[in-house]
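User: I would like to learn how to read a structural model feature by feature, beginning with the overall fold and ending with side-chain pairs. Could you take me through one?

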Number of protein chains: 2
Amino acid sequence: MTQLQRRKIPDAAIARLPVYLQILNNLAATNVLRFSSDELAALAGVNAAKVRKDLSYLGSYGTRGVGYEVSYLTHQIKRELGLMREWNVVVVGAGNLGCALAKFDGFLSRGFPVIAIVDNDPKKIGRTTSSLTVGDVKDLKNIVRDEKISIGVITTSSAASQAAADALVEAGITSILNFAPVVLSTPSSVSVRSVDLGVELQILSYFEQMRLETGGKSENAPQLNTVGAR
Amino acid sequence: MTQLQRRKIPDAAIARLPVYLQILNNLAATNVLRFSSDELAALAGVNAAKVRKDLSYLGSYGTRGVGYEVSYLTHQIKRELGLMREWNVVVVGAGNLGCALAKFDGFLSRGFPVIAIVDNDPKKIGRTTSSLTVGDVKDLKNIVRDEKISIGVITTSSAASQAAADALVEAGITSILNFAPVVLSTPSSVSVRSVDLGVELQILSYFEQMRLETGGKSENAPQLNTVGAR
DNA sequence: TTGACTTAGTGAATTAATGCACTAAGCCCT
DNA sequence: AGGGCTTAGTGCATTAATTCACTAAGTCAA
């Protein structure tokens, strides 16, 4: 291990740092230089104590009586999250969603350029979508090596998703973002995050149903967006 | 309030029920009739006690020494999540992502047909994408009423997302799935879930970065997909 | 019928996350 | 120089979630 022991940041806090970062970017864009934990809390829709505690995991970067500096804290969060550099992405699965994500600004603008897209369907391989040509999933290993790709995004059918994950792991990828509604099995050294859009809607329908059953009485009323960990 | 007091199910459990449901669907598709908490736990990648506790919130639907019946439990989960019916969806924002989601099977197949898509850009209004014609966001209220729409999906730019949310709320929508990287402000009676794809990648990059810094030593090693609540 | 075995259900301990409320620092005004 | 004001940092109580480990119920074979 190197000199500096990396602080152990609670999972829940890690998931909030990107949200804070996004807000700080907006503040910077409007020339705000400083903010207090109260202000950030209001913008992020969380408790101010939580903001302070979350930020304290990064170090002691605020000034009492004053607040935090937007640019400095932005820097610190980016450093902590590994965002001082770009991370190249490959999309596996050139269907609707895959192609949409390949074009999606949101990835590039946050530092995750989609460098390649692959599929296993000969009918799709060779097609071009927004400056990317769909490659063959068989070449994944070479592509990952040559293009220095760090993150794989799975947008295949559920049926194909495990094979896609296997291919990514085989190609040396250690971070996977999975959109197929499947619990992937991967070595424990690989980080997997699954975004199942169906699940999101089903959680919403739970609250919608609850509203109907309780006649909208706010007692056991629907919650904010605080449900569910992954 | 009606007769039957609805059980209070912990948030964390609610978020897992859709995952169990998905697995049960797969089991049913392969003609499995019964399963034990251990089996489901293995498939879902969680602890067996957690599975039993989660399922116990629904009622006492297992048989000791035997397990749970796939079809019966499927029914119970669907009932609890409000999935005995379909919920119509409108997509606001006819960009890449919006159009892809409008076509996306995953919504329809899970009981959430996308009935309408709207935008505020005259250049997009009137275009047809997979049997849907892009409508004017100004007509949202009528569309929601006429098409009996329950859920709104926001796929606009961040800049436009709050206006989209306001329009949905104004149109009477009480459940919103937001893809814009913005913390929306809505009445507390409205359920909002935000899926920020950038955030997902940034969480992955945190672990990727950690791997680099610790030389991949598995000690403070990257985690499974258990980070982060919303 | 009995006894060995399996597995759901759950009380209780543990761990993680949250949020209050206090303390410590710094700014600014007089 | 000092006092009032603001706000970060944090110990601690509370709440939520997880997991253990036991108990209760059932099956099945002899």
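Analyst: What follows goes from the whole chain to the sheets, then to the helices packed on them, and finally to salt bridges.

User: What should I keep in mind about the origin of the coordinates, and how many helices and strands does chain A hold?

Analyst: The model is predicted. The secondary structure of chain A comes to nine helices and nine strands, and its C-alpha trace spans about 60 × 55 × 35 Å along the principal axes.

User: Which share of chain A is buried, and what do the contacts say about sequence separation?

Analyst: Burial is read from relative accessible area, with under 20% counting as buried. On that basis, buried residues make up 53% of the 230 residues in chain A. Chain A exposes about 10,500 Å², of which carbon and sulfur atoms supply 52%. For contacts in chain A between residues at least 6 apart in sequence, 54% join residues at least 24 apart.

User: How do I read a sheet, and what is the strand order in chain A?

Analyst: A sheet can be read by its strand order, then by its edges, and then by the sense of each pairing. In chain A, seven strands form an open sheet in the order β5-β6-β4-β3-β7-β8-β9, with mixed pairing. The edge strands are β5 (128–129) and β9 of chain A, each of which pairs on one side only.

User: Where do the parallel pairings around β7(A) lie, beginning with β3(A)?

Analyst: Strand β3 (residues 88–92) of chain A runs parallel to β7(A), joined to it by five bridges, and within this pairing Val89(A) stands opposite Ile151(A). Strand β7 (residues 149–154) of chain A also pairs in the parallel sense with β8(A), over four bridges, where the bridge partner of Ile154(A) is Asn178(A). Continuing along the sheet, β8(A) is joined by four bridges to strand β9 (residues 191–194) of chain A, again with the two running parallel, and Leu177(A) has Arg193(A) as its bridge partner in β9(A).

User: What kind of unit do β7(A), helix α8 and β8(A) make, and are the residues on the two faces of β8(A) buried or exposed?

Analyst: A connection between parallel strands can be described by its handedness. Here β7(A), helix α8 (residues 158–170) of chain A and β8(A) make a right-handed β-α-β unit. As for strand β8 (residues 175–178) of chain A, both faces are covered, with Ser175(A) and Leu177(A) buried on one side and Ile176(A) and Asn178(A) buried on the other.

User: Which helices lie across this sheet, and at what angle does α5 run to β4(A)?

Analyst: A packed helix is described by the strands it lies across and by the angle between directions. Helix α5 (residues 96–103) of chain A lies across β3, β4 (114–119), β5, β6 (132–136) and β7 of chain A, and runs at about 165° to β4(A). Helix α9 (residues 197–213) of chain B lies across β7, β8 and β9 of chain A, running at about 165° to β8(A).

User: What does chain B show for its own sheet, and which helix of chain A lies across it?

Analyst: Chain B has an open sheet of seven strands in the order β5-β6-β4-β3-β7-β8-β9, with mixed pairing. Five bridges join strand β3 (residues 88–92) of chain B to strand β7 (residues 149–154) of chain B in a parallel arrangement, where Val90(B) has Gly152(B) as its bridge partner. Helix α9 (residues 197–213) of chain A lies across β7, β8 (175–178) and β9 of chain B, at about 165° to β8(B).

User: How many salt bridges does the structure hold, and where do the partners sit?

Analyst: A salt bridge is best read together with the burial and the location of both partners. The structure holds 16 salt bridges over all chains. One of them links the side chains of Asp54(A) and Arg16(A) at 2.6 Å, N to O. This pair links distant parts of the chain, with Asp54(A) in helix α3 (residues 48–56) and Arg16(A) in helix α1 (residues 11–29), 38 residues apart. Asp54(A) counts as buried because its relative accessibility is 3%, and Arg16(A) is buried with a relative accessible area of 19%.

User: Why does the salt bridge of Arg110(A) and Asp196(B) join two chains?

Analyst: The side chains of Arg110(A) and Asp196(B) meet in a salt bridge at 3.1 Å, N to O. Arg110(A) lies in the loop between α6 (105–109) and β4 of chain A, while Asp196(B) lies in the loop between β9 (191–194) and α9 of chain B, so the pair joins two chains. Both Arg110(A) and Asp196(B) are buried.

Technical notes
Residues are numbered from 1 along each chain as its sequence is written. Chains are lettered from A and ligands numbered from 1 in the order in which they are written. This is a predicted model: local features need pLDDT of at least 70, side-chain atom pairs count only at pLDDT 80 or more; totals for chains, interfaces and linings use all residues. Side-chain values use heavy atoms; hydrogens and water are left out. Buried means under 20% relative accessible area, exposed over 50%, partly exposed in between (1.4 Å probe, protein chains only). Two strands pair if DSSP finds at least two bridges between them. A crossover is right-handed if, with the strands pointing away from the viewer, the path from the first strand over the helix to the second runs clockwise. Contact means heavy atoms within 4.5 Å. Axes are lines fitted to C-alpha atoms, for helices over the stretch in contact, and angles run from 0 to 180 degrees between N-to-C directions. A salt bridge is a side-chain nitrogen of Lys or Arg within 4 Å of a carboxyl oxygen of Asp or Glu. Accessible areas come from the Shrake-Rupley method with a 1.4 Å probe; for residues, only the protein chains shown count as cover.
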